[in-house]
Amino acid sequence: MATAVKANLQPFDWRAQIGSKLVSAEEAVSHIKSGDRVTMSIAQATPFTLCAALAGRLMELENVVLNHSASLFNWELPGLGERFRLESFYLSPIGRQLFHEGQGEFVPLSYYREGTLPPGLQDFNVYVMTVSPPDRNGWVNFGDLQIMSKLLARNADLVIAEIDPRAVRICGDNSMHISEIDWIVERTPDALVVPLTAPPGPEEERRIVTAICETVAHELIPDRATIQVGVGSTSGAIISFLRNHHDLGMQTEIIPWGTTRLVRDGVMTGKYKKLFPGIVAGSGFAIATPREELEYAEGDPRFQLYDFNFTDDIRLIAREEGLISVNNGLAIDLTGQAGSESIGHQMYTGTGGQTAFGIGSSLAGGKSILVLPSSAMVKGQRMSRIVPALAPATVLSLPRTFVHYVVTEYGIATLKAKSIKERARELIAVAHPDFRGTLTAEAKRMYG
């Protein structure tokens, strides 16, 4: 299934190889017509040049549906809600406000089956994506982020690709032949590409994240463990605290920052993995992964990317015996119910793979861990993130029966096999001290 991708350092004229399929962005999007349903590659794979060209064409079209999730392009344009409808299954900071104002429509996705697009993405007839330049045999690569690009392209009637000359070539089922693409454009030098950097957080946040990650690394992840690490400022930082471990493995969706260093230093060998032994398997690298890490992974068969519907299929995940999943929470109630994607009724991100890996790791006989700071500052006021009950309309990302451990800067709450009262006591013990009295009183009122 996996195909090693070797970076060919010998220059050749790939533009001539593409031939008449290589057109301007304006010509490529001219093939998109009224009534089309268009979806695009996401996050750092946002096709910026094609987005700009399509933005200039939308006022010429009617009844277009545009699904662009985790978008790094701002779709706040004339005609939004009138000539075209904007959808997303995962919100990014860019454009999040549009959805809060009702100008975009959120499409929930939470379960995935190998070889099948999830409900909500099954009926798009146009796919627009970012790829690498082709190799000598005509194969383009999806670079450091596949997610569902290959499957979406093969289910579309019209496929338009934007070539990013800086794209790395990552191994796995991560390539497509140019014969499967209808039109190809080259990213223009003046394309408005959002800088991908990870600014440091405030000192208090860094201190809290350090405390949480040290606890998880030292007390919940043993040597030889296979782990999944979710996207987020807390869970994503765990990698740098695993440098003294031995023979770790990774079976995940998004490969976090620092993973390549663990492989390079012999910490993450994958020696004891049941699936893909010796391989870091995922669907993409985390946004803002440093360039040197991506170049280290380029062409290295120890790093392989696959379709999200494969990596996040619960049936596959459950086969990785003993898998440990580590994911972020926004809020958690006193019974262990986790809200990780919305704040009340307003979506903040999306489900991603948290539900799949929380359930899958449980079925694999492993551990499902949620990490979160005990409190957050909201408009200058400290608010507890451990609450008596989730706010009305909060999306339930992970049911309490699939939350085994909750870790804050104050320690570990062990929930697996515990009663409701025991769960409440465990969670109150790791809540921020300012809120433990109120939480205790609420627990007594609700549960006696």
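Two strands count as paired here if DSSP finds at least two bridges between them, and I keep that rule beside me while I read a model that is predicted.

**Entry 1: the parallel sheet**

I began with strand E3, residues 84–88, and asked how many of its residues are buried. The strand is mostly covered, with 4 of its 5 residues buried. On one side I found strand E2 (residues 64–67), which runs parallel to E3 and is joined to it by 4 bridges; within this pairing, Asn-67 has Glu-87 of E3 as its bridge partner. I then looked up strand E4 (residues 104–106), which pairs with E3 in the parallel sense over 3 bridges, and here Glu-87 has Glu-105 of E4 as its partner. Glu-87 is thus a bridge partner of Asn-67 and also of Glu-105.

Stepping back, I traced these strands into an open sheet of 7 strands with parallel pairing, in the order E4-E3-E2-E1-E5-E7-E10. E4 and strand E10 (183–186) each have a single partner strand, so one side of each is left without a neighbour in the sheet. From one strand to the next, the twist averages 20 degrees.

Further along the order I checked strand E5 (residues 126–131) against strand E7 (residues 158–163), and they pair in the parallel sense over 6 bridges, with Tyr-127 standing opposite Val-159 in E7. I also looked for what crosses this sheet, and noted helix H3 (residues 48–57), which lies across strand E1 (37–40), E2, E5, E7 and E10 and runs at about 125 degrees to E7.

**Entry 2: the mixed sheet**

I next followed an open sheet of 6 strands whose pairing is mixed and whose order is E12-E11-E17-E22-E26-E27. Its edges are strand E12 (249–250) and strand E27 (411–414), each of which pairs on one side only.

Which sense does each neighbour of E26 take? Strand E22 (residues 367–371) and strand E26 (residues 405–408) pair in the parallel sense over 3 bridges, and Leu-370 stands opposite Val-406 in E26. E26 and E27, by contrast, run antiparallel and are joined by 4 bridges; Thr-408 stands opposite Gly-411 in E27, and the two strands form a hairpin with 2 residues between them. Helix H6 (residues 203–219) lies across strand E17 (324–328), E22, E26 and E27, and I noted its direction as about 140 degrees to E26.

**Entry 3: aromatic rings and charges over rings**

I went through the rings and came to 7 aromatic pairs. For Phe-276 and Phe-310 the centres are 6.0 Å apart and the planes stand at 85 degrees, so I entered the pair as edge-to-face, the term used for angles over 60 degrees. Phe-276 lies in the loop between helix H7 (259–264) and strand E14 (280–282), whereas Phe-310 lies in helix H9 (residues 308–311), so that the pair links distant parts of the chain, 34 residues apart. Both Phe-276 and Phe-310 are buried.

For Phe-285 and Phe-303 I noted centres 6.3 Å apart and planes at 40 degrees, so this pair is tilted. Phe-285 belongs to strand E15 (residues 284–285) and Phe-303 to strand E16 (residues 303–305), so the pair ties together parts that are 18 residues apart in sequence. Both of these residues, Phe-285 and Phe-303, are buried. I also recorded a cluster in which ring pairs link Phe-276, Tyr-306 and Phe-310.

Then I looked for arginines placed over rings. Arg-37 has its charged end over the ring of Phe-124, 4.4 Å from the ring centre, and Arg-96 lies over the face of Tyr-348, at 3.9 Å from the centre of that ring.

**Entry 4: Met-268**

Buried or exposed, I asked of Met-268? Its relative accessible area is 4%, which lies under the 20% cut-off, so Met-268 is buried. The residue is found in the loop between H7 and E14. Leaving aside residues up to four places away in sequence, I listed its contacts, among them Ile-227, Leu-248, Gly-249, Met-250 and Val-280; from H7 itself, residues 259–264, Met-268 touches Thr-259, Leu-262 and Val-263. I also compared Met-268 with Glu-295, which is 27 residues apart from it in sequence and 18 Å apart in space, C-alpha to C-alpha.

**Entry 5: helix H13**

Last, I checked the length of helix H13 (residues 436–447): at 1.5 Å a residue its 12 residues should span 16 Å, and its end C-alpha atoms are 16 Å apart, which agrees. Just after H13, I noted that Gly-448 takes a positive phi of about 85 degrees.

Key:
Residues numbered from 1 in each chain as written. Predicted model: local features only at pLDDT ≥ 70, side-chain atom pairs only at ≥ 80, totals over all residues. Heavy atoms only, no water. Contact = heavy atoms within 4.5 Å. Axes fitted to C-alpha atoms, helices over the stretch in contact; angles between N-to-C directions. Buried < 20%, exposed > 50% of the residue type's maximum accessible area, 1.4 Å probe, protein only. Expected span 1.5 Å × (residues − 1). Phe/Tyr/Trp six-rings, centres within 6.5 Å; stacked < 30°, edge-to-face > 60°. Lys NZ or Arg CZ within 6 Å of the ring centre and 35° of its normal.
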